[in-house]
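This report covers a single chain, its strands and one of its pockets. The sequence and the structure come next.

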Amino acid sequence: IDSLHGLDDLYTAESNTYVSTEGSVFEDAAGNAADAIATARALQAAAFVEDATRPSLLAFEANMSSGAMRLEFSEVMDAASFNASGLTLQSVAFATVPTEAHAL
């Protein structure tokens, strides 16, 4: 589901959230395949809950040879929303005033 975030015209409300399936997607306990749902008759979502979870930065890697930084978040992010000026690299984890810091 995370790969669906950021698609502006899809999966943002019940009115644009539908699903179609092939017959082999689901089976019951006896092994009978569920009926297919054709794309021309896609099933609309009965309910839709908007994403209200704030993302978290989980980890990062800094490559000083290439000058690249990789950030790992708790969910898919919109790359266009990235603002590097909001990041600060610092020399210690816990300090009100780090001994060495660099705002990007």
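Which strands each supply at least two residues of the lining of the second largest pocket? In this predicted model, strand 3 (57–63), strand 4 (68–73) and strand 5 (88–90) each do so. The pocket holds about 200 Å³ of space. Its lining consists of Phe-60, Ala-62, Asn-63, Met-64, Gly-67, Ala-68, Met-69, Thr-88, Leu-89, Gln-90 and Leu-104. By class, 7 of these residues are nonpolar and 4 are polar, while charged residues are absent.

Two of the contributing strands are also paired. Strand 3 and strand 4 run antiparallel and are joined by 6 bridges. Across this pairing, Glu-61 stands opposite Arg-70 in strand 4. The two strands, strand 3 and strand 4, make a hairpin, with 4 residues between them. In the turn, Gly-67 has a positive phi of about 80°, and Gly-67 is also among the residues lining the second largest pocket.

For the chain as a whole, the secondary structure amounts to 6 strands and 0 helices, in the order β-β-β-β-β-β from the N terminus. Totals for the chain are listed below.

| Property of the chain | Value |
|---|---|
| Residues counted as buried | 4% of 104 residues |
| Exposed area | about 8700 Å² |
| Share of exposed area from carbon and sulfur atoms | 54% |
| Contacts joining residues at least 24 apart, among those between residues at least 6 apart in sequence | 27% |

Definitions and conventions:
Residues are numbered from 1 along each chain as its sequence is written. This is a predicted model: local features need pLDDT of at least 70, side-chain atom pairs count only at pLDDT 80 or more; totals for chains, interfaces and linings use all residues. Side-chain values use heavy atoms; hydrogens and water are left out. Buried means under 20% relative accessible area, exposed over 50%, partly exposed in between (1.4 Å probe, protein chains only). Contact means heavy atoms within 4.5 Å. Accessible areas come from the Shrake-Rupley method with a 1.4 Å probe; for residues, only the protein chains shown count as cover. On a 1 Å grid over the protein atoms alone, a cavity is a set of points where a 1.4 Å probe fits but cannot get out, and a pocket is an open set with protein on both sides within 12 Å along at least five of seven lines; lining residues have an atom within 4 Å of a point. Grid points are joined across faces, edges and corners, and a volume is the space filled by probe spheres set on the points. Ala, Val, Leu, Ile, Met, Phe, Trp, Tyr, Cys and Pro count as nonpolar, Asp, Glu, Lys and Arg as charged, and the others, Gly among them, as polar. Two strands pair if DSSP finds at least two bridges between them.
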